[in-house]
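Take a look at the structure below. We will go through it step by step.

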Amino acid sequence: MCIALLMLQPKFIVCDEPVSALDVSIQAQILNLMMDLQDSMGIAYMFITHNLSVVKHISDDIGVMYLGQLVEKCSSEELFSNPCHPYTQALLSAIPIAKSDAKRERIILKGEITSPIEPKPGCRFAARCNYATEECRQAVPLREISEGHFVACTRYTP
Ligand code: SF4
């Protein structure tokens, strides 16, 4: 993070993959520094990353995106304990487990990724989803399924 930027005393910073090219031990130092700065300066971060371990470490609230659409949004604690969108579930199943004897069923996605250039109407994850139905070909809005937990999936229609 640029020191000159901090001199402007920002309240909001967008961080796009800020630690992805760093060694793991340096990543931890940078993340801890960012969290210290957040506490001392009251900064809010929008943190964009593919690294779910980093997401878990640093986030209060998480938005999961698939092909440019927000498919799930809730607190970090809720997302990691109760992931609801099938894409989120597949993502979390891919996080490496530290213990060699620990078991987690990995969800392997099949099918083709929809073209982001001219995506078909409806859920953009449908071509890879085990639960897809005809209903998923229509617009699938983000809905609040419990307090503060939003999901865009026909499996959670009220
Ligand atoms: S809306 Fe349908 S295709 Fe999309 S994630 Fe939900 S069940 Fe799967």
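**A helix across two strands**

Start with helix H5, residues 86–93, which lies across strands S3 and S4. Strand S4 covers residues 69–75. The helix runs at about 105° to S3. Keep in mind that this is a predicted model.

Now look at the sheet. Strands of a sheet pair through backbone hydrogen bonds, either parallel or antiparallel. Which kind of pairing do we find in this sheet? The pairing is antiparallel. Four strands form an open sheet, in the order S3-S4-S6-S5. Strand S3 (61–66) is one edge strand, and strand S5 (143–146) is the other. Each of these two pairs on one side only. Neighbouring strands of the sheet are turned against each other by 30° on average, with direction ignored.

Move to the S5 edge. Strand S6 spans residues 149–151 and runs antiparallel to S5. How many bridges join S5 to S6? There are three bridges. To find your place here, look for Ser-146, which stands opposite His-149 in S6.

Next, turn to the surface. Phe-12, Val-14, Met-46 and Ile-48 make a nonpolar patch there. The patch has an area of about 370 Å². Strand S1 (12–16) and strand S2 (44–48) are the elements that give two or more residues to the patch.

Pick out one patch member, Met-46, in strand S2. Why does Met-46 count as partly exposed? Its relative accessibility is 43%. Partly exposed residues fall between the buried cut-off, under 20%, and the exposed cut-off, over 50%. Therefore Met-46, at 43%, belongs in the partly exposed class.

Note on methods:
Residues numbered from 1 in each chain as written. Predicted model: local features only at pLDDT ≥ 70, side-chain atom pairs only at ≥ 80, totals over all residues. Heavy atoms only, no water. Pairing = 2+ DSSP bridges. Axes fitted to C-alpha atoms, helices over the stretch in contact; angles between N-to-C directions. Contact = heavy atoms within 4.5 Å. Patch = residues over 30% accessible without salt bridge, like charges linked within 9 Å, V, L, I, M, F, W, Y side chains within 5 Å. Areas by Shrake-Rupley, 256 points an atom, 1.4 Å probe, with all protein chains shown as cover. Salt bridge = Lys/Arg side-chain N within 4 Å of Asp/Glu carboxyl O. Buried < 20%, exposed > 50% of the residue type's maximum accessible area, 1.4 Å probe, protein only.
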